[in-house]
Amino acid sequence: MSDFDSFFDYHMKTKHSYYSVRSSPNRLDWDNQPSAFKSYPEKFAKIKLDMEKENHSFIFFTAGITAKKTYPGVEYYLRVNPSAGALYPNEIYFQSRNNEGIEDGIYHFDIQSSRITFLKRITDEGIEPFFNLKEKQNGFIFLISSIYYRSSWKYKNRAFRYCLLDAGHLLGTIEASCYIHEKEYDIIYDFDKQALNEAFNFDNQEFFTSAVFITKKTDKKVTKAELNLPLVDGSLYFEKNEMIEKAYIDSLKVQNPQKQIFKPNFNFNKSFFKEIILKRRSIREFTKQSISKIEFESIMQAVNNLVTSNCDEELNLYCVINRVQGMKLGLIKNGVFIKEADFASKAGYLCLEQNLGKDSAVTFFITSNSKNYQAMYQKAGLLGHRLYLASNYLGIGCSGIGAYYDDEVCEFIGEYTQVLYALAIGK
């Protein structure tokens, strides 16, 4: 079996159906609920982010905590990025070289304390060689990892999908932070992830899925950094899942990547956009109100912007138009109507019979036929994040829906494909 056949087999085995969600109810072990935060020992220096400093603010807006909610016996934190089940399986690391206000080194973003942990000082060494680069890169190199048990604790084998979608949302937060801090980025999917996993001593509990370069090349040579980091269990109750670990390994190889060099072009008021990032929330129910055609088209313009990366996968965006003034009801594929009818109830049913899917103004399904599983899923998450921010910017709610009846969605849209994500927007 080829690597593609193997991870496609993973996708097949983790599909939802009307029968599967009833025959395999999800029972949670609350005694082993994983932590949503990773923190290195206090022997590592930790620097409090100062929002008055430009680069500190830039880092905060990639994954910072924006609110805390407390209920009897439980409390949880809201961040700039959404996460399936509020489980937050992803971590952020970065290398900083020649950035004002931050010493040259390799860091971990300690999100709970809003501090950055200084893991390794760098001079002539760095992580550039893991990307097959021989020269130092001035600026930031971000690394996104997944501690998959945080998600598999609840979502079992399907959790690898959610880890990748959530990583894509973090790519979206980095993109948004680049926009408001006037930086340009380049997403990298094709690099030696396994070697980096070993360098950070993840021991299969955690793995890298993508990187973001916000850098300028120098002519100075660089050697590979030796980190010598301790193993830190970022879940506290790690339990191995062989299917997820195999799916990760099988999907590492990038096949025939198509590079996208052009930059996205957004047109948000940066001051107001910054407020929207801090106030972003996932809506829990819609009131069946309509949005305008202009609002819908403005949102689509933001979502359909180019994504700069070294593996730009082709995705299809299906829109079920339920309540958009001036637009007929029906199904759109990549901007073109392919079916005309009232599909609101059908969309709700396909989203595991959730009202979010039928009460929305528009329900979306993102699909792809790509063989580059990690890249396509993370791009879907990034587009989902754009949808959140562009909708919220116009006062329209958004909710990501990671669970749906996979094969029945394919039957509905008329294409046998990989369904990656469902989302809904409305008021």
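How many bridges pair β8 with strand β10? The answer is 11, in the antiparallel sense. The close-ups below come from a predicted model.

**View 1. Strand β8 pairs with β4 and with β10.** β8 spans residues 135-146. This strand is mostly covered, with 11 of its 12 residues buried. β10 covers residues 207-221 and runs antiparallel to β8. Within this pairing, F142 has V212 of β10 as its bridge partner. Strand β4 (residues 90-97) is also antiparallel to β8, and eight bridges join the two. Here Q95 finds its bridge partner in I141 of β8.

**View 2. Seven strands make an open sheet.** The order is β1-β6-β5-β4-β8-β10-β9, and the pairing is antiparallel. β1 (46-48) and β9 (186-188) stand at the edges. Each has a single partner strand, so one side of each is left without a neighbour in the sheet. Neighbouring strands are turned by 25° against each other on average, direction ignored. At the β9 edge, three bridges join β9 to β10, and these two run antiparallel. There, I188 is bridged to A211 in β10. Helix α3 packs on this sheet. α3 touches β1, β4, β5 (105-110), β6 (115-121), β8 and β10. The direction of α3 makes about 25° with that of β8.

**View 3. K217 is an exposed residue of strand β10.** Is K217 buried or exposed? Its relative accessibility is 62%, so K217 counts as exposed. Leaving aside residues up to four places away in sequence, K217 touches E135, K136 and Q137. K217 and E135 lie 82 residues apart along the chain. Their C-alpha atoms are separated by 6.9 Å.

**View 4. Helix α3 packs against helix α5.** α3 takes in residues 54-63, and α5 takes in residues 159-180. The helices meet at an angle of about 150°, with their axes 7 Å apart. α3 and α5 are therefore roughly antiparallel to each other. The crossing of α3 past α5 is right-handed. On the α3 side, the contact is made by S57, F58, F61, T62 and A63. On the α5 side, L170, T173, I174, S177, C178 and I180 take part. What kinds of residue make up this contact of α3 with α5? Seven are nonpolar, four are polar and none is charged.

**View 5. Six strands make another open sheet.** Their order is β16-β15-β13-β17-β19-β18, with antiparallel pairing. The edge strands are β16 (336-340) and β18 (397-401), and each pairs on one side only. From one strand to the next, the twist averages 20°. At the β16 edge, strand β15 (residues 330-333) pairs with β16 over four bridges, in the antiparallel sense. L331 stands opposite K339 of β16.

**View 6. Helices α9 and α12 meet strands of the six-stranded sheet.** Helix α12 (residues 373-393) packs on the sheet and touches β17, β18 and β19. The direction of α12 makes about 5° with that of β19. Helix α9 (residues 293-303) lies across β13 (316-321), β17 (362-368) and β19 (418-426). α9 runs at about 165° to β13.

Technical notes
Residues are numbered from 1 along each chain as its sequence is written. This is a predicted model: local features need pLDDT of at least 70, side-chain atom pairs count only at pLDDT 80 or more; totals for chains, interfaces and linings use all residues. Side-chain values use heavy atoms; hydrogens and water are left out. Axes are lines fitted to C-alpha atoms, for helices over the stretch in contact, and angles run from 0 to 180 degrees between N-to-C directions. Angles under 35 degrees count as roughly parallel, over 145 as roughly antiparallel, 65 to 115 as roughly perpendicular and the rest as oblique. A crossing is left-handed if the near helix is turned anticlockwise from the far one by less than a right angle, and right-handed if clockwise. Contact means heavy atoms within 4.5 Å. Ala, Val, Leu, Ile, Met, Phe, Trp, Tyr, Cys and Pro count as nonpolar, Asp, Glu, Lys and Arg as charged, and the others, Gly among them, as polar. Two strands pair if DSSP finds at least two bridges between them. Buried means under 20% relative accessible area, exposed over 50%, partly exposed in between (1.4 Å probe, protein chains only).
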